[in-house]
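Thank you all for making the time this morning. I would like to walk you through one model, going from strands to side chains to the pocket, and I will try to say plainly where each point comes from.

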Amino acid sequence: MKSALIPISLFTISLLFVIPMAHAEYEDTIVIFETNSGRLLIEFFPDEAPNHVENFVKLSKDGSYNDTIFHRIISGFMVQGGDLQTKDPNVTMDRWGTGNPGYTIDAEFNQIKHDRGIVSMARSSDPNSAGSQFFIVHEDSHFLDGQYTVFGRIVTDESFETL
């Protein structure tokens, strides 16, 4: 396996519309990753994974993801980021992938398929252990369906080129 480190900074675009419906506050939210390889724009599925969407947007808005690293890259499969400790120069690479925000979120498994560009929460063997780490699949990965919470997808041709 070949891996590379890609520092990321994460910023949130403003909400475009607020519609008075359940979880509608995230319906038109987009998060933009500015990486040294290009931009990744992510839209969300708030009706399918409301708690995961709310958590990801909160971590994006408060700057938690700024200067973190995609610490796990598996060619032809996925890239994984969101370990908040990867931005700490005192944390050694052997500990990357073990960080979390100090809390977990229960699984919100849904029917969305892990097609190319899907964003899901990473977790340990405990289905209810997601926190801040997430992954984006490079290729269709349907063997993950129903085992990881899908909460978003990348959009735009530029995002797919960057992926």
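**A walk through the strands, rings and pocket**

Let me begin with a hairpin, which is formed by strand 2 and strand 3 with two residues between them. Please keep in mind throughout that this is a predicted model, and that the values I quote are computed from it.

The two strands of that hairpin, strand 2 at residues 30–35 and strand 3 at residues 38–44, pair in the antiparallel sense over six bridges. If you want one position to look at on your screen, find Glu34, which stands opposite Arg39 in strand 3.

Stepping back for a moment to the whole chain, the protein has two helices and nine strands, and if you read along the sequence the pattern is β-β-β-α-β-β-β-β-β-β-α. Of the 163 residues in the protein, buried residues make up 49%.

Which strand does strand 3 join through four bridges? That partner is strand 9, and the two run antiparallel; within this pairing, Leu41 stands opposite Val155 in strand 9. Strand 9 covers residues 150–155 and is mostly covered, since five of its six residues are buried. Strand 9 also pairs with strand 7, residues 118–121, again in the antiparallel sense, this time over three bridges, and here the bridge partner of Val119 is Gly152 in strand 9.

Those of you looking at side chains along these strands may find one general point useful, namely that in a regular strand the side chains alternate between the two faces of the sheet.

Just past strand 9, the backbone does something that deserves a second look. Thr156 lies in the loop between strand 9 and helix 2, and Thr156 has a positive phi of about 85 degrees although it is not a glycine. With a relative accessible area of 36%, Thr156 counts as partly exposed, because that value falls between the limits for buried and exposed, 20% and 50%. The next element is helix 2, residues 157–162, and Asp157 lies in it. Asp157 counts as exposed because its relative accessibility, 62%, is over 50%. Although Asp157 and Leu41 are 116 residues apart in sequence, they are 9.7 Å apart in space, C-alpha to C-alpha.

There is another residue with a positive phi to mention, and that is Asp67, at about 65 degrees, although it is not a glycine either. Asp67 lies in the loop between helix 1 and strand 4, and it is exposed, with a relative accessible area of 52%.

Let me turn now to the aromatic side chains. How many aromatic pairs are there? The count comes to twelve. In one of these, Phe56 and Tyr65 form a tilted pair, with 5.1 Å centre to centre and 40 degrees between the planes. Phe56 is buried, with a relative accessible area of 0%, and Tyr65 is buried as well, its relative accessible area being 0%. Phe56 also forms a pair with Phe134, and this one is edge-to-face, at 5.2 Å centre to centre and 90 degrees between the planes. This second pair links distant parts of the chain, as Phe56 is in helix 1 (residues 50–61) and Phe134 is in strand 8 (residues 134–137), 78 residues apart. Both Phe56 and Phe134 are buried. These rings belong to one aromatic cluster, which is formed by Phe33, Phe44, Phe56, Tyr65, Phe70, Phe134 and Phe151.

Finally, I come to the pocket. The largest pocket has a volume of about 190 Å³. It is lined by 14 residues, and those closest to its centre are Gly99, Arg123, Ser124, Ser129 and Gln133. What is the make-up of that lining by class? It has two nonpolar, eleven polar and one charged residues. Arg123 is worth following a little further, as its charged end sits over the ring of Tyr148, 4.3 Å from the ring centre.

To leave you with two places to examine, I would suggest Phe56, with its tilted partner Tyr65 and its edge-to-face partner Phe134, and then Arg123, which is among the residues closest to the centre of the largest pocket and has its charged end over Tyr148.

Methods: Residues are numbered from 1 along each chain as its sequence is written. This is a predicted model: local features need pLDDT of at least 70, side-chain atom pairs count only at pLDDT 80 or more; totals for chains, interfaces and linings use all residues. Side-chain values use heavy atoms; hydrogens and water are left out. On a 1 Å grid over the protein atoms alone, a cavity is a set of points where a 1.4 Å probe fits but cannot get out, and a pocket is an open set with protein on both sides within 12 Å along at least five of seven lines; lining residues have an atom within 4 Å of a point. Grid points are joined across faces, edges and corners, and a volume is the space filled by probe spheres set on the points. Ala, Val, Leu, Ile, Met, Phe, Trp, Tyr, Cys and Pro count as nonpolar, Asp, Glu, Lys and Arg as charged, and the others, Gly among them, as polar. Rings of Phe, Tyr and Trp (its six-membered ring) pair if their centres lie within 6.5 Å; planes under 30 degrees apart count as stacked, over 60 as edge-to-face and the rest as tilted. Buried means under 20% relative accessible area, exposed over 50%, partly exposed in between (1.4 Å probe, protein chains only). A charge sits over a ring if NZ of Lys or CZ of Arg is within 6 Å of the ring centre and within 35 degrees of the ring normal. Two strands pair if DSSP finds at least two bridges between them.
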